[in-house]
Amino acid sequence: MLNYLLIAALLLAPIVIVVWLRERHLSARTNALRSVLDHADALENELQECRARLREIPALVSQLPPSISLSAHATLTAEPEVQAALHDLLQHRLWLRQYGADASLDELRTAAAALVRSRDKLASQLERLGEVRQELESAGAEMDPSPH
């Protein structure tokens, strides 16, 4: 009887190992796909925030004399970059819709890494926009003759 149990265990062991490895791979793939989607959503939100901040700057610049506002206009050239990044994000989403279900784990990890790089790059632009906004508000406050 013990021999039959031992033989059954030896025959079932490879099946259990194969099922476990497959589940592990599917879980990693699901996590990678979820990561891509989460990063894409976060990037989209950050791009919309960047666009909103860019659109606030002209009002601040219009209150300044031309000599000061010239340096601020350089920041406004970021709008086409934001538009291009939104286009790239749309391309990522379309790729996911078409190929996400069949994409390999490496492809999904590469896509997630690309989105992380885009988010990192955008974070520095958002930081710079915040600095420019503070500089413009400060310059505007210095020019405002009314007492505070």
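Colleague: Leaving aside its neighbours within four places in sequence, which residues is arginine 29 in contact with?

Modeller: In this predicted model, arginine 29 belongs to helix α1 and is in contact with Gly100, Ala101, Asp102, Ala103, Leu105 and Leu108.

Colleague: What is the nearest side chain of opposite charge to arginine 29, and how far away is it?

Modeller: Side chains of opposite charge can pair when their charged atoms come close. For arginine 29, the nearest such side chain is aspartate 102, 6.0 Å away. A salt bridge requires a separation within 4 Å, and arginine 29 has none, although it is buried.

Colleague: How many salt bridges does the structure hold, and which residue does glutamate 46 pair with?

Modeller: The structure holds 7 salt bridges. In one of them glutamate 46 pairs with arginine 119, with the closest N and O atoms 2.8 Å apart. This pair links distant parts of the chain, since glutamate 46 lies in helix α1 and arginine 119 in helix α4, 73 residues apart.

Colleague: Why is glutamate 46 classed as buried and arginine 119 as partly exposed?

Modeller: The cut-off for buried is under 20% relative accessible area. Glutamate 46 is buried because its value is 19%, whereas arginine 119 is partly exposed because its value is 23%.

Colleague: Where do arginine 128 and glutamate 131 lie?

Modeller: Both lie in helix α4, 3 residues apart, about one turn of the helix. They form a salt bridge whose closest N and O atoms are 3.5 Å apart.

Colleague: Which residues does alanine 40 touch, not counting those up to four places away in sequence?

Modeller: Alanine 40 touches Leu89, Arg93 and Leu115. Alanine 40 counts as buried because its relative accessibility is 1%.

How values were computed
Residues are numbered from 1 along each chain as its sequence is written. This is a predicted model: local features need pLDDT of at least 70, side-chain atom pairs count only at pLDDT 80 or more; totals for chains, interfaces and linings use all residues. Side-chain values use heavy atoms; hydrogens and water are left out. Buried means under 20% relative accessible area, exposed over 50%, partly exposed in between (1.4 Å probe, protein chains only). Contact means heavy atoms within 4.5 Å. Helices (H or I, at least four residues) and strands (E, at least two) are DSSP runs, numbered from the N terminus. Lys and Arg count as positive and Asp and Glu as negative; His and the chain ends are not counted.
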